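Student: Could you go through this model with me? I have a few short questions about it.

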Amino acid sequence: MKLTLKIWRQKDAETKGQIVDYTLDGVEGDMSFLEMLDILNEELVSKGEEPVEFDHDCREGICGTCSLQINGEPHGPDRLITTCQLHMRKFNDGDTIVIEPFRAKAFPVIKDLIVDRSSFDRIQQAGGFISVNTSGNTVDANAIPIPKEDADKAMDAATCIGCGACVAACKNASAMLFTSAKVSQFALLPQGQVEASDRVQNMVRQMDLEGFGNCTNTGACEVECPKGISLENIARMNREYLSATTKG
């Protein structure tokens, strides 16, 4: 395949960026999207040009660092996958592909296609944990009976990889799907009840401080989420927050 790539190039956070056009030939359908970018970078380096910077790590769809906006869609045209799992057979010979970083005030661009998603880390640090004193005779968590339905829903919420696709898909750049997933994975389990009230209030407060918008109720976040995190989690977080803030 021969492709025209329109890629966002930005030297650093302070420099104004722009879309730059590249032509790439010999792309095979079995290549992953990131392999295609690797080939482009090899060509750029061989010409003495600056390669395109993009995030990646495991390339197995479990870390979420490969997040890219591809033709206006987080992670591209396929569903329930990350960018590293997207293959070039989803495109056709002669296609023009627009590649951008995720766009959100809370995700400032570092360089080219790399954004700073440490705002997610700060939301997690605000309450996405359980404080347990393990110095004494603790009870094994596996010994606590939990209804299978609750355990399954908690596990589903815990599969969130924090890639930010939900934010990129939302016209308000809302992080409610991410935050609600991190709240739900504890709210559904007995181990998470001790700190439940403080957890949801602290995480929602930090989410707002980071500059994320509110939920748009359009469901775009769930559609674009590579792990299929359900909107049910947002409803659960809202209930948890209402309960926590109305206690006498």
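Tutor: We can talk about one helix residue and then about the aromatic rings. This is a predicted model, in which local features need pLDDT of at least 70, side-chain atom pairs count only at pLDDT 80 or more, and totals for chains, interfaces and linings use all residues. Residues are numbered from 1 along each chain as its sequence is written, and side-chain values use heavy atoms, with hydrogens and water left out.

Student: Is N41 buried or exposed?

Tutor: N41 counts as buried, because its relative accessibility is 11% (buried means under 20% relative accessible area, with a 1.4 Å probe and protein chains only).

Student: And what does the side chain of N41 reach?

Tutor: The side chain of N41 reaches the backbone nitrogen of V52 at 2.6 Å.

Student: New topic: how many aromatic pairs are there?

Tutor: The count comes to 5 aromatic pairs, where rings of Phe, Tyr and Trp (its six-membered ring) pair if their centres lie within 6.5 Å, and planes under 30 degrees apart count as stacked, over 60 as edge-to-face and the rest as tilted. One of them is the tilted pair of F33 and F91, at 5.9 Å centre to centre and 45 degrees between the planes.

Student: Which parts does that pair tie together?

Tutor: F33 lies in helix α1 and F91 in the loop between β4 (73-74) and β5 (96-100), so the pair ties together parts 58 residues apart in sequence. F33 is buried at 0% relative accessibility, and F91 is buried at 6%.

Student: What about F107 and F120?

Tutor: Their ring centres are 5.3 Å apart and their planes are at 75 degrees, so the pair is edge-to-face.

Note on methods. Buried < 20%, exposed > 50% of the residue type's maximum accessible area, 1.4 Å probe, protein only. Polar contact = N/O pair within 3.5 Å; in protein donor to acceptor, adjacent residues only side chain to side chain. Helix = DSSP H or I, 4+ residues; strand = E, 2+ residues; numbered from the N terminus.
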